[in-house]
Every structure is written in structure tokens, then in C-alpha cells.
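Here's a quick walk through a protein model, with a stop at a loop, a strand and some empty space. Have the coordinates open and follow along.

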Amino acid sequence: MKKALAIFVLFVAVVWLMNTSLFIAPPAGAAKLLAHRGMHQTYPKENVGRDTCTATIIRTPEHPYLENTIASMQAAFEAGADVVELDVHLTPDRQFAVFHDWTLDCRTEAKGVTEETPMATLKSLDIGYGYTADGGKTFPFRGKGVGQMPTLDEVLAALPDSKFLINFKSRRAEEGAELAARVEAQPQWREAVFGVYGGEEPTRETLKRLEGMRGYDRTSTKACLMQYFGYGWTGIVPDACKNTLVAVPGNYAPFLWGWPDRFAARMKAAGSEIILLGPFDGGDSTTGIDTMQDLEMVPPGFSGYIWTNRIEMIGPALAKRQVADAGTN
């Protein structure tokens, strides 16, 4: 019995030594910010489902920006974003429309499926039409979003030397093939596209066609994290976690073997970048590091990407914290 106990204690000690961050420095570099949808109108996350029209439940506006517009992306970069996330739909005239919703009914005055609508028609719509913070009594952005739905070409031309995470809203592999072809044909696109994610088929098609491009979908993320939970204590990084973007919910992060510094070092050695999300609650909405309390989830020395829906608040707060940390080192 004593021998078995001693062996067990020794095993636990070895596992702890292999996974503690006490004796390893975090990978070099500062934390970077990934602004979800640029700077945009926010809304309570409670009871938000896949089909919720979030434009009708926004909080009282604190700024004039609408998601996925060039102006909102510019504002996000100015607030400290290193990467901006945007959503795309391949239209019948082979344009990548930058717009979040699968349909037009929520945010615009039109009806129909976004990807089935020609770009000229999309350009004529008011993307601020449906926003209200008081149950429909007033519509503060109505009339202000006409012509504000950009194409991906326009975004990259307007914001050169910027980086974007592209979200495929569909399950169409042809979207991934089209994006890959454009990236291959235009070096500036390759520089601009930080990564891809979203629909499994287009995401995987892009990754198959573009060597070195990083990306993820729900299935690949689950495979990476579950396999790492299973045997990451050994120091072995699963293939599903290699050369990719590893999206980590903030409330799950402390349970990852070696979190934070040893885990980060393992992912870096495997050619991957970490994207730290907000708490995962099992719902469909994407939470980010959106409050001062959420920001406490970001460990000192973290050099990955921080996903946020509130770049206007988290950008300055992170910069202030980084200055303070530098002053104590």
C-alpha cells in the first residue's frame, strides 16, 4: 500500500513538474487584440440564440459605428486592434459581401438571403435600418447605413497593411476555393488575411488550398481541446492543435495542461496562435473579453490574441495594464 501510494505521489509530482509554469518564461511578445466585427453596437448576451435579431436589442449607443463597415474597422484599429474579424458571403456576382447576417431581414429594410442577393442590390440597402435600443420607439441609425455594406476587396483596399480574420457564414466549399484563389493571385491579400474560420466546408477548403494559412472551425477546435485535455499532460501536442488558431474559452483555460506559459510555449512550438475568448456558456453567441472582470482572465505575460466585442474599452485598458506591467519589470 505504501509503495503504491509513493508511486502515485511520484507520478503526480512528475506531472506537476511537466506542466507547471513556475519554471518557464512565457513566449516573447505582448498580448494582441482581435476586434470582433470591428467597433460595433453591443447587446446583452443572455437568451441570444442563433436566429435572434440582435439589432433590435442593442444597448443605448455610445458611439456611431455599425459592425462590419470600413469606418468601424478603422475605429477598431485606432482603438488598439491588431486584427479585425469580419464576416463574408459570396454573392451571385462573385463578390464577397462583408455583412454578418445570413438574411437581410434584421438589419436592413429588405428581405432575402444575403448570399443570394447581387452586390449592387446589397449596396443600395440601409444596414442601419433595423437597429433600436428601446423596443422600436426610435431607430438611431436608420438612414445612416445606406451604401455602407462593403465588399472584401473594398475593405482590403481601404485598410492596407491591416490584418483580418475572415468568418465564412455559409457551408459552401466554393467560398473557400474563391477566397484561396484571390489570396493566391494577390500578394496583398495574403498579407492581409490573418486566418479563416466558421463554416467547416469553406474553412477547410481554404486551408487545403493555401499552404501555411491558419484557421479553425467548431469541429477542429473541439478536437484540439478535447485531445489536449486527454493527454496534453505528457507534453505531446495533438495534431489537431498544430499549425492552426487555437480558440480557448477563458473559463476553460485554467484547466488546460500547462496554462498559461507552458501551454503557450507548446502551442508556439507547434506553429499555432492562441485566441483567448470570453467565458463559454454553451450558447450560440461568441463572447469575448468584454469587461474589466473578463480582462482579469488574461494572464500576465500572455502574448496571444484576445478576442473582444468592446475594443473601444478593452484596447485602452490593456494598453494601460501593459504600461503598468512594464514599469514593474
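Let's start on the outside: Asp239 has a relative accessibility of 62%, so it counts as exposed, the cut-off for that being over 50%. Keep in mind that this is a predicted model. Where does Asp239 sit in the chain? Look in the loop that links helix H8 (218-231) to strand S7 (245-249). If you want a ruler across the fold, take Asp239 and Ala31: they're 208 residues apart along the chain, and their C-alpha atoms are 25 Å from each other.

Now for something quite unlike that loop residue. Strand S4 covers residues 164-168, and five of its five residues are buried. Which residues of S4 point which way? Phe164, Ile166 and Phe168 head to one side, while Leu165 and Asn167 head to the other, and all of them are buried.

S4 also has strand partners to look at. One is strand S2 (residues 83-90), which runs parallel to S4 and is joined to it by five bridges. If you'd like to spot that pairing by eye, find Asp87, whose bridge partner in S4 is Asn167. Another is strand S5 (residues 193-198), again paired with S4 in the parallel sense, over five bridges. There, Phe168 stands opposite Gly198 of S5.

On to the holes. How many cavities of 30 Å³ or more does the structure hold? There are three. The largest cavity encloses about 60 Å³. Its lining is made up of His40, Gln41, Thr42, Arg59, Thr60, Pro61, Glu62, His63, Arg310 and Glu312.

The open spaces get a look too. The second largest pocket has a volume of about 360 Å³. It is lined by 18 residues, and those closest to the pocket's centre are Lys45, Arg59, Asp290, Thr291 and Asp294. Arg59 is worth clicking on, as it turns up in the lining of the largest cavity and also among the residues closest to the centre of this pocket.

Here's how the two linings break down by class:

| Space | Volume | Nonpolar | Polar | Charged |
|---|---|---|---|---|
| Largest cavity | about 60 Å³ | one residue | five residues | four residues |
| Second largest pocket | about 360 Å³ | four residues | seven residues | seven residues |

What is the nonpolar residue in the cavity lining? Going by the list of lining residues, that's Pro61, because Pro counts as nonpolar.

Notes. Residues are numbered from 1 along each chain as its sequence is written. This is a predicted model: local features need pLDDT of at least 70, side-chain atom pairs count only at pLDDT 80 or more; totals for chains, interfaces and linings use all residues. Side-chain values use heavy atoms; hydrogens and water are left out. Helices (H or I, at least four residues) and strands (E, at least two) are DSSP runs, numbered from the N terminus. Buried means under 20% relative accessible area, exposed over 50%, partly exposed in between (1.4 Å probe, protein chains only). On a 1 Å grid over the protein atoms alone, a cavity is a set of points where a 1.4 Å probe fits but cannot get out, and a pocket is an open set with protein on both sides within 12 Å along at least five of seven lines; lining residues have an atom within 4 Å of a point. Grid points are joined across faces, edges and corners, and a volume is the space filled by probe spheres set on the points. Two strands pair if DSSP finds at least two bridges between them.
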